[in-house]
Amino acid sequence: MREIGGDPRDLSLYGQESIGTTWSICKMNMLLHGIPHADIRQEDTIRRPQHKDENGELKRYDRVLANPPFSQNYIKKDIDYPGRFAVWLPEKGKKADLMFVQHMLAVLKGDGKMATVMPHGVLFRGGEERETRRHFIERGWLEAIIGLPAGLFYGTGIPACVLVLNKKDAPTRKHVVFINADRDYRDGKAQNFLRAEDISRIVHAYRTLTSGGRDALPGYARRVPVEEIEGEDFNCNIRRYVDNAPPPEPHDVRAHLHGGVPRSEIDALERFWTNYPELRARCFQPRSDDSTYLDFTPAVTDRRALAEILNGDTSVAAAHAAFLATLDAWWDQHLPDIEALAPSDGPNGRKPGNAYALRRGLLASIEDTFASSQLLTGHQIRGAFARYVDELKADLKSIAASGWGPELIPDADILESQFPEVLAEMERKRARLAELAALFAAADEEDYADADDLGVLPGEQVKALKAQLKQLKGEAKLAKRDPNLGDHKAYEKAAVAEETKLARHKSLEDEARQLKADLRTVDKKQDELVESARKKIDRDEARKVILDRLHRLLVQTYASYLRVDQRACLAALENLHAKYAVTAADIEERRDAATGKLKGFLEELGYG
């Protein structure tokens, strides 16, 4: 394991590297991550720690971040600074995980904090590992345990967790925060990923619960008293304290048998009915004989009709429009804060802003702005903004560093603002090319018929027509020389007819080729157009274009979350329809009808 010391005043990083990795590669890794002052030492961290002060003692840090190698053995003999370890783990059996943790804890200052990635085994294994957990918890050092999804780390599919140990206020800490975040991630081919909104949710839960703002976020996080952990014999398996499994799907037997949708299950979707007040009456109507059940309205003819009802509901459109209007008002209110991010010129010019401070301020503000809104949850509000800033963090840092330079404007935005007619013409040609490609693809399908008389022919028919045309022309020539071989005019007339069919088809192929050539030509000229236009854009115009882009992307991000919420509403409605639209009696009736029909067929065939 390599020790990577940051600024010795406040930070130490412990990174897991392969044995063959050279010092220069490790240094380059630090440079790429914005840590140019990294002090990298290669040794056995447990036996021979290398970061020492001028007195030969281990350096102390305010913060330690680590991803040590999982499940390693270690050698106890001749170990340096043995006082680091209050509990000695077995040397064999790959139990060095908590030895690393004890070393990190030992190099923290009296008010220092550390976070390290660990395998889940350290949370529940017995023996010395249980005693180590007891040691951490009884002294108040273990502040939080964060469960992560499986497959986050390349080369291993096992889930991991983050242990957060904090020496500050440890004597008064009588709880441990458990966060179960193993369901929040994005799938990847080689490994899974935490999205910006997933990280934001973890950070929000950690800050809220460790500060005492709340005791629990149901199904996600909870402050667990030390007494409860003691009752579990210091087993810190996350699911013992925070179970994030979804509740079981309810099924009403009476509704399955006799029809109707249970009012209780409809009422459970109250958030959607509050957000979209007209939708419930469009989907459900009362039953005259039983108030505890409702029926689907006549408009819900089948499952697909629900999507049409939801997409056309005026209260859905009004709710989304009101949300986006509030978002626009928020943007206008905070536009001066965003503009202040860039430095200004002159002797009395404004100093560069801090992109991270701006993010914190805007996040708190937008959360407060939509605190009373039920359209999106607090997690969705924070997650959408986290995703937005994560995608634009390079832009925001560049604005803070160099101001509103035209080099920050993407090529597509320059084309849209300076050459809209070029983009419009390219879009028209792309649309026509796509239309022709669809026609050619349809022509090669089985049972194709040119109902609109467009002249498109299947590929096999084109080959056959070309062969037939060649044959007809040859026969016409021969008939001209020898009338006994046939009427050459008839051959020529037939050849003209075949040639006309091929010409119509060829004209469409030629059009497609020309469209492709035109698009390639414009694509090659785009760089020249963009570069020439960029040189003509002054900083004030660049500021307007960049701000318009930032605003547009903000609206698009939240609009995508609104669409997700709308799809969630549709999924809930479709689920009710799938469960209760067809009763057991309906199924039996259809079965009996099908049985009777089959019996009739068998009797006609003489098998009755």
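Axes here are lines fitted to C-alpha atoms, for helices over the stretch in contact, and angles run from 0 to 180 degrees between N-to-C directions. Helices (H or I, at least four residues) and strands (E, at least two) are DSSP runs, numbered from the N terminus.

Two notes on the source. This is a predicted model, where local features need pLDDT of at least 70, side-chain atom pairs count only at pLDDT 80 or more, and totals for chains, interfaces and linings use all residues. Residues are numbered from 1 along each chain as its sequence is written, and side-chain values use heavy atoms, with hydrogens and water left out.

Let's start with a helix pair. Two packed helices are described by the angle between their axes and the distance between the axes. Take helix 11, residues 303-311, and helix 19, residues 539-580. Their axes come within 10 Å and cross at roughly 150°. The crossing is right-handed, meaning that the near helix is turned clockwise from the far one; anticlockwise by less than a right angle would be left-handed.

Who makes the contact (heavy atoms within 4.5 Å)? From helix 11, R303, L306, A307, L310 and N311. From helix 19, Q566, C569, L570, L573, E574, H577 and A578. By class, that gives seven nonpolar, three polar and two charged residues. Ala, Val, Leu, Ile, Met, Phe, Trp, Tyr, Cys and Pro count as nonpolar, Asp, Glu, Lys and Arg as charged, and the others, Gly among them, as polar.

Now the strands. They pair through backbone hydrogen bonds, either parallel or antiparallel. To count as a pair, two strands need at least two bridges found by DSSP. One open sheet has three strands, in the order 11-13-12, with antiparallel pairing. Strand 11 (261-262) and strand 12 (284-286) are at the edges with a single partner strand each, so one side of each has no neighbour in the sheet. Strand 11 joins strand 13, residues 293-296, by two bridges. There, V261 has L294 as its bridge partner.

Next, a parallel case. Strand 4 (residues 61-66) and strand 5 (residues 108-119) pair over five bridges in the parallel sense. R63 stands opposite K113 of strand 5.

Last, backbone angles. Most residues other than glycine have a negative phi. What is the phi of F234? About 60°, so to speak on the positive side, and F234 is not a glycine. F234 sits in the loop between helix 6 (226-231) and helix 7 (253-258). F234 is buried (under 20% relative accessible area; exposed is over 50%, partly exposed in between, with a 1.4 Å probe and protein chains only), at 3%.

Note on methods:
Contact means heavy atoms within 4.5 Å.
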